[in-house]
Amino acid sequence: MKEVVIVDSALSVTEALRQNPTSRCPLEILAQQGVIPVRYYSFDGRLHQGQVVMDKRLVEDIHRVFVRLREERFPLQSVIPITDPRFAWDDIASMSANNASGFNYRTIAGTTRLSLHAYGQAIDLNPLFNPYIRADLVQPPGAVYDPTRLGTITADSFLVQLFDELGWEWGGHWEDRKDYQHFQKKLS
Ligand SMILES: [Zn+2]
């Protein structure tokens, strides 16, 4: 019997790449983005379909990661682009919903520097369970990092190993701050 897939996100390419009116993305960066359909098991144990917006050159890496996520039955809450009206480019709203996302034309929290998310070269997974922590700042607000919880990413996770093999960096390895949800691959 064919497994019924729950659709979390089915935006058109135009919708998925909609410009943020308060933070317009240069067109050459926008043109580099691909809208990648992905399938994953969520916390309900069911197969879901979402979309991730990333640099087109990372499509093969993302495909391999999601194949492995399904094989390992590692749950993702949802994978919905930040342009979706449910989030409307609000990263805190997306993180608080434990939603995974890639491209978002924005700066690094607390700085004026562009994040690699602004180039579609970073992805955040289960951000509510894998928060960003720098000194007293925790994002999303109120999030708790509990390595024993299903859907949490730890240094010994197959995900960290796989991304490493593919040439990505994990924010959980950073010294001055921890960004457990975050994987990035800087392209030229
Ligand atoms: Zn991130």
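Biologist: What percentage of the 188 residues of the chain count as buried?

Modeller: This is a predicted model, in which local features need pLDDT of at least 70, side-chain atom pairs count only at pLDDT 80 or more, and totals for chains, interfaces and linings use all residues. Residues are numbered from 1 along each chain as its sequence is written. A residue is buried if 20 or more other C-beta atoms, placed from the backbone, lie within 10 Å of its own. By that criterion, the buried share of the chain is 37%.

Biologist: Which strands stand at the edges of the sheet, and why is one side of each left without a neighbour?

Modeller: Three strands form an open sheet of mixed pairing, in the order 1-3-2; strands are DSSP runs of E with at least two residues, helices are runs of H or I with at least four, and both are numbered from the N terminus. Two strands pair if DSSP finds at least two bridges between them. Because each has a single partner strand, one side lacks a neighbour in the sheet for strand 1 (6-7) and strand 2 (33-41).

Biologist: Which helix packs on the sheet, and what angle does its direction make with that of strand 2?

Modeller: Contact requires C-beta atoms, placed from the backbone, within 7 Å. Axes are lines fitted to C-alpha atoms, for helices over the stretch in contact, with angles from 0 to 180 degrees between N-to-C directions. Touching strand 2 and strand 3, the helix in question is helix 3 (residues 59-71), and the angle is about 5°.

Biologist: Which residue in strand 3 does Val-7 stand opposite?

Modeller: Strand 1 pairs with strand 3 (residues 47-55) in the parallel sense, over two bridges. Opposite Val-7 in strand 3 stands Gln-49.

Definitions and conventions: Two residues are in contact if their C-beta atoms, placed from the backbone, lie within 7 Å. A residue is buried if 20 or more other C-beta atoms lie within 10 Å of its own, exposed if 12 or fewer, and partly exposed in between; C-beta atoms are placed from the backbone.
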